[in-house]
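Let's take a friendly walk through this model together. Please have the sequence and the structure open beside you.

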Amino acid sequence: MRTTRQRHTTSPLTRVRNLGILAHVDAGKTTVTERILYVTGATHKRGEVHDGNTVTDFDSQERDRGITIFAAAVSCVWDGHRISLIDTPGHVDFSDEVERSLRVLDGAIAVFDAVAGVEPQSESVWRQADRHGVPRIAFVNKLDRAGADLDTAVASIRDRLHTVPLVVQLPIGREDEFTGVVDLLRMRALVWGAGRDTYEDAPLPEDLREEAHRRRRLLEEAVAELHPVALEEFCAESTVSARTLAAALRDLTRRGEGVVVLCGSAYRNRGIEPLLEAVVAYLPSPLDVPPVRGTSGGTAQERAADPAAPFAALVFKVSSTATGRLTFLRVYSGSMEKGDAVLDVGARRTERIGRILRVQADRHADVGRAVAGDIVAVVGLKAARAGATLCTPAAPLALEPPTVAEPVVSVAVEARRSLDADRLASALARAVEEDPSLAVRTDPETGQTVLSGLGELHLEVAVERVRRAHGLEVVVGRPQVAYRETVVRGVSGLVYRHVKQDGGAGQFAHVVLDVEPLPTAGRRPDGDNARCGTGHFEFRSTVTGGRVPQEYIRAVEAGCRDALAEGPLGGHPVTGLRVTLTDGATHPKDSSEMAFRTAGRLALRESLRAGVMALLEPVVEVTATVPDDAVGGVLGDLAARRGRVSGSTARAGTAVITATVPLAELFGYASRLRSRTQGRGTFTTRATGYAPVPAAVSDGLLST
């Protein structure tokens with residue numbers, strides 16, 4: 001077994017791996033990252049989450065809370081391969097950090113708890129990776145825990161993630177007697193002895209020989225069903241060689257047709273070396289993924305991962321540090337050096353690269369050059385935001401930015417001292433720059449500053465960061481959720497005539513609209529409500545005979561989109577409707593795009609007032625783990641919060657309760673659950689969509 005130290009950093013693109021670590025909160029992904037850094041020699045001491053001394057959880061709030069909040073980039077070298085890792089958050093409130101990270105990664109390690117299996121946020125981040133087409137391998141962690149079971153965890157991967165798990169290892173020992181794994185490709189035992197950081201390669205234990213051969217056969221059959229070369233060999237030889245298996249597993253992983261499953265205990269440093277070997281063997285290099293696609297002058301283009309091609313990079317994170325503003329980016333093609341001028345395509349602004357840094361969490365090392373495949377941070381860019389494309393000015397290319405989740409919770413914030421109001425405004429603007437899923441606005445009625453985000457914890461962390469970083473005393477109001485309005489019953493054939501004549505050229509636009517609800521109003525088919533928002537809208541035109549020119553049809557659509565900002569019930573954004581322009585008329589002199597845009601806006605507003613509307617509220621799936629003796633009280637409390645229980649399972653003296661609950665009813669639930677379970681209960685949430693507010697509740701909300 002060979003360990004390559006951090007200092008050997010030059011390697012061709014085939015020896016580069018850009019990976020993310022994905023998991024539910026507390027599945028052990030930060031510990032996995034720590035052990036990878038330790039085993040590869042990037043660090044010389046094992047950090048522990050409970051001791052607050054891990055490399056990637058370097059922020060003071062992360063160490064205080066014991067969870068990952070901000071995506072942290074590190075790098076190491078294993079067997080001549082440079083591995084760039086991004087340790088991502090596992091809490092639902094920070095899913096946007098995961099989204100931005102996945103946009104620039106070539107592969108991922110999904111970490112699962114061997115006791116809990118697939119948990120709610122495990123499922124969410126898996127779906128995010130599916131959308132980005134990121135190949136994954138799975139690591140079932142914590143096999144040394146009481147109740148750990150690899151087969152149960154694998155079954156949950158198959159059933160809940162709807163993928164084909166390809167298990168390549170068999171545990172040696174159960175729970176606290178877990179000492180190693182059987183490598184089912186080489187049919188050898190990898191055993192970690194007490195006090196040893198490396199494994200011993202040994203023959204198969206006699207008591208596991210029969211089971212190991214049975215599982216090897218199951219692996220061969222599963223691979224042969226999916227891979228034609230393996231199937232041909234299996235039919236001819238009645239077996240599949242280790243070489244063919246490895247090649248087939250690599251193909252299936254990179255095509256997303258199966259997921260290789262490994263196991264171990266990161267805390268006890270068992271299973272990390274085989275995990276790294278799997279990363280190198282199965283996950284893709286920058287050359288193995290399709291060329292990045294973008295647009296230039298309205299034309300789609302591709303850029304291969306070639307250092308000699310024109311430079312193109314995507315910014316995925318911005319961070320303010322003591323050394324200045326760091327802009328994190330993934331280089332997709334070409335190369336850049338210190339002092340180069342780069343074009344921010346979206347801002348149409350040219351900036352100059354001050355320094356290029358190889359990042360190791362909160363530590364940085366200067367490098368002279370970055371090439372295709374690199375993930376680095378740069379100093380000197382003043383305006384580039386997350387999602388910006390940087391490229392060579394002579395060859396502009398706009399890459400697709402990561403999607404940004406819509407805020408669902410808001411709080412009013414103000415400085416305790418009026419003299420600090422300007423400092424608070426500046427601090428909040430910087431917070432939004434670093435985290436695009438935050439939003440700041442001024443309430444037009446009260447004049448208050450309103451901070452919006454993805455959850456109660458998200459806002460709590462953001463406000464605390466402002467307090468600590470800027471030394472401000474901040475007063476925070478009670479959280480409010482982001483409601484939506486939708487169409488229950490629309491209108492047909494609404495005629496609106498916009499005529500304005502006040503001297504000179506006038507305005508004339510005549511439109512006829514049909515408005516109807518969409519079948520999936522307020523809820524996306526994939527269940528990812530965090531990004532449904534006001535974008536759930538369809539516009540179409542059935543106008544014939546050229547009665548309304550195409551440019552005016554586009555103006556009507558723009559006006560309808562303007563009208564979605566405020567609904568008739570309470571001024572909330574409108575979602576879940578389809579608008580059809582069925583007819584219209586123009587004036588040879590007075591018609592214009594502005595007139596038709598105004599007509600579209602006012603016509604849709606009138607249609608919404610004429611139809612039947614409903615108020616929507618964000619709902620989340622709550623998974624509560626509570627002692628058996630507290631189940632009744634917890635169920636009653638969930639019912640009082642308008643929760644709908646969807647399932648309950650028993651697990652070793654505890655019950656796991658799943659329920660759908662309105663987000664507005666969950667404020668303060670953590671302390672309530674602790675009180676009802678004497679501090680033994682825990683819960684997690686996963687956003688599931690928007691749902692109609694019951695009439696009695698809706699009437700009360702609208703009356704206020």
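What follows is a short report on selected helices, residues and backbone angles.

## How to read this report

This is a predicted model, in which local features need pLDDT of at least 70, side-chain atom pairs count only at pLDDT 80 or more, and totals for chains, interfaces and linings use all residues. Residues are numbered from 1 along each chain as its sequence is written, and side-chain values use heavy atoms, with hydrogens and water left out.

Helices (H or I, at least four residues) and strands (E, at least two) are DSSP runs, numbered from the N terminus.

## Two covered helices

Let's begin with helix α1, which spans residues 29-39 and is mostly covered, as 10 of its 11 residues are buried. Here, buried means under 20% relative accessible area, exposed means over 50%, and partly exposed lies in between (1.4 Å probe, protein chains only). The buried residues of α1 include the charged-end names Lys-29, Glu-34 and Arg-35; among them are also Val-32, Ile-36, Leu-37 and Val-39. After α1 comes Gly-41, with a positive phi near 85 degrees.

Helix α9 (residues 272-282) has nine of its 11 residues buried, so the rest of the structure largely encloses it. Ile-272, Glu-273, Pro-274, Leu-275 and Leu-276 are among the buried residues of α9, and so are Ala-278, Val-279, Val-280 and Tyr-282.

## Helix α6 against helix α7

Helix α6 (residues 206-226) and helix α7 (residues 228-237) have axes that come within 6 Å and cross at roughly 125 degrees. That makes α6 oblique to α7. For reference, angles under 35 degrees count as roughly parallel, over 145 as roughly antiparallel, 65 to 115 as roughly perpendicular and the rest as oblique. The axes are lines fitted to C-alpha atoms, for helices over the stretch in contact, and the angles run from 0 to 180 degrees between N-to-C directions.

The crossing of α6 with α7 is left-handed; the term applies if the near helix is turned anticlockwise from the far one by less than a right angle, and right-handed applies if clockwise. On the α6 side, Arg-217, Glu-220, Glu-221, Val-223, Ala-224 and Leu-226 meet Pro-228, Ala-230, Leu-231 and Phe-234 of α7, where contact means heavy atoms within 4.5 Å. The residues of this contact comprise seven nonpolar, no polar and three charged. In that count, Ala, Val, Leu, Ile, Met, Phe, Trp, Tyr, Cys and Pro are nonpolar, Asp, Glu, Lys and Arg are charged, and the others, Gly among them, are polar.

## Helix α14 against helix α15

The axes of α14 and helix α15 (residues 669-676) come within 10 Å, crossing at roughly 150 degrees. That makes α14 roughly antiparallel to α15, and their crossing is right-handed. Gly-633, Val-634, Asp-637 and Leu-638 of α14 meet Tyr-669, Arg-672, Leu-673 and Arg-676 of α15. Sorted by type, the residues of this contact are four nonpolar, one polar and three charged.

## An aromatic pair

The structure contains five aromatic pairs. In one of them, the ring centres of Trp-192 and Tyr-199 are 5.4 Å apart and the planes lie at 70 degrees, so the pair is edge-to-face. Rings of Phe, Tyr and Trp (its six-membered ring) pair if their centres lie within 6.5 Å; planes under 30 degrees apart count as stacked, over 60 as edge-to-face and the rest as tilted. Both Trp-192 and Tyr-199 are buried.

## Three buried residues

Arg-100 sits in helix α3 (residues 95-102) and is buried, at a relative accessible area of 3%. Beyond its neighbours within four places in sequence, Arg-100 touches Phe-316, Ala-386, Pro-402, Glu-434, Asp-435 and Pro-436. Its C-alpha atom is 8.1 Å from that of Gly-387, although the two residues are 287 apart along the chain.

Strand β38 (residues 682-692) holds Tyr-690, which counts as buried at 3% relative accessibility. Thr-684 also lies in β38 and is buried, with a relative accessible area of 19%. Leaving aside neighbours within four places in sequence, Thr-684 is in contact with His-24, Val-25, Pro-120, Glu-621, Val-622 and Thr-623.

## Positive phi in two loops

Most residues other than glycine have a negative phi. Lys-142, in the loop between β5 (136-141) and α5 (150-161), has a positive phi near 65 degrees. Arg-642 has a positive phi of about 65 degrees without being a glycine; this residue is found in the loop between α14 (631-640) and β36 (644-651). With 23% relative accessibility, Arg-642 counts as partly exposed.
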